[in-house]
Amino acid sequence: MRTLFVVMPVFNEPATLAMATLGRRLRAAREIADLTQAELARRIGRAQATVARAEAGKIKVGADYAHAVLKACKLPRDWKGPTVVM
């Protein structure tokens, strides 16, 4: 059995936390759609580096970008992230 450790960075500003949270959701959407960053980038007309930086929470992205990702991943526009079942 593998043990998974998650290291969460310390966020000093609410905006940084929001970008990281959105980034994790964007990555989850891409992974649910079984797309690579490069495939997603082609579908939304952006560079792979932009997708990577958005997922890492290193750049701010707007609603248009998030909606384009969800559309490319064939997820509903109001999708909030994966459902966690315990």
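Which residue forms a salt bridge with Arg 30? The legends below take up this question and several other close-up views of a predicted model.

**Figure 1. A salt bridge joins Arg 30 and Glu 55.** The partner of Arg 30 is Glu 55, and the closest N and O atoms of the pair are 2.6 Å apart. Arg 30 lies in helix α1 and Glu 55 in helix α3 (residues 48-55), so the pair ties together parts that are 25 residues apart in sequence. Arg 30 has a relative accessible area of 9% and is buried, because buried means under 20%. Glu 55 is also buried, with a relative accessibility of 10%. Side chains of opposite charge can pair when their charged atoms come close.

**Figure 2. Arg 27 and Glu 31 form a salt bridge within helix α1.** The structure holds two salt bridges, and this view shows the one between Arg 27 and Glu 31. Here the closest N and O atoms are 2.8 Å apart. Both residues lie in helix α1 (residues 14-32). They are four residues apart, which is about one turn of the helix. Are these two residues buried, partly exposed or exposed? Arg 27 is partly exposed, with a relative accessible area of 43%, and Glu 31 is partly exposed at 42%.

**Figure 3. The whole protein chain is shown for orientation.** The protein chain has four helices and zero strands. Along the sequence the pattern is α-α-α-α. Of the 86 residues in the chain, 28% are buried. The chain exposes about 6600 Å², and carbon and sulfur atoms supply 56% of this area. Among contacts with a separation of 6 or more, 58% are between residues 24 or more positions apart.

**Figure 4. Gln 37 in helix α2 has contacts with residues elsewhere in the sequence.** Gln 37 belongs to helix α2, which covers residues 37-44. Which residues does Gln 37 contact, leaving aside its neighbours within four places in sequence? They are Arg 30, Gln 48, Val 51, Ala 52 and Glu 55. Two of these, Arg 30 and Glu 55, form the salt bridge of Figure 1. For Gln 37 and Ala 52, the C-alpha atoms are separated by 6.8 Å, although the two residues are 15 residues apart along the chain.

**Figure 5. Thr 21 and Leu 22 are seen with residues that lie further along the chain.** Thr 21 is part of helix α1, as is Leu 22. The C-alpha atoms of Thr 21 and Gly 57 are 7.5 Å apart, while the residues are 36 positions apart along the chain. Leu 22 and Val 61 are 39 residues apart in sequence, and 8.8 Å separates their C-alpha atoms. Thr 21 is partly exposed, with a relative accessible area of 23%. Leu 22 is partly exposed too, at 29%.

**Figure 6. The second largest pocket is shown with its lining residues.** This pocket has a volume of about 170 Å³. Which residues line the pocket? The lining consists of Leu 22, Arg 25, Leu 26, Ala 66, His 67, Leu 70, Arg 77, Asp 78, Trp 79, Lys 80 and Gly 81. The elements that give two or more residues to this lining are α1 and α4 (63-72). Sorted by class, the lining has five nonpolar, two polar and four charged residues. Leu 22, also shown in Figure 5, is one of the lining residues.

**Figure 7. Asp 34 has a positive phi.** Most residues other than glycine have a negative phi. Asp 34 is not a glycine, yet its phi is positive, about 60°. Where is Asp 34 found? Its place is the loop between α1 and α2. Asp 34 has a relative accessible area of 67% and is exposed, because exposed means over 50%.

**Figure 8. Lys 74 also has a positive phi.** Phi of Lys 74 is near 60°, and this residue is other than glycine. Lys 74 sits in the segment after α4. Is Lys 74 buried or exposed? Lys 74 counts as exposed, with a relative accessibility of 71%.

Notes: Residues are numbered from 1 along each chain as its sequence is written. This is a predicted model: local features need pLDDT of at least 70, side-chain atom pairs count only at pLDDT 80 or more; totals for chains, interfaces and linings use all residues. Side-chain values use heavy atoms; hydrogens and water are left out. Buried means under 20% relative accessible area, exposed over 50%, partly exposed in between (1.4 Å probe, protein chains only). Contact means heavy atoms within 4.5 Å. Accessible areas come from the Shrake-Rupley method with a 1.4 Å probe; for residues, only the protein chains shown count as cover. A salt bridge is a side-chain nitrogen of Lys or Arg within 4 Å of a carboxyl oxygen of Asp or Glu. On a 1 Å grid over the protein atoms alone, a cavity is a set of points where a 1.4 Å probe fits but cannot get out, and a pocket is an open set with protein on both sides within 12 Å along at least five of seven lines; lining residues have an atom within 4 Å of a point. Grid points are joined across faces, edges and corners, and a volume is the space filled by probe spheres set on the points. Ala, Val, Leu, Ile, Met, Phe, Trp, Tyr, Cys and Pro count as nonpolar, Asp, Glu, Lys and Arg as charged, and the others, Gly among them, as polar.
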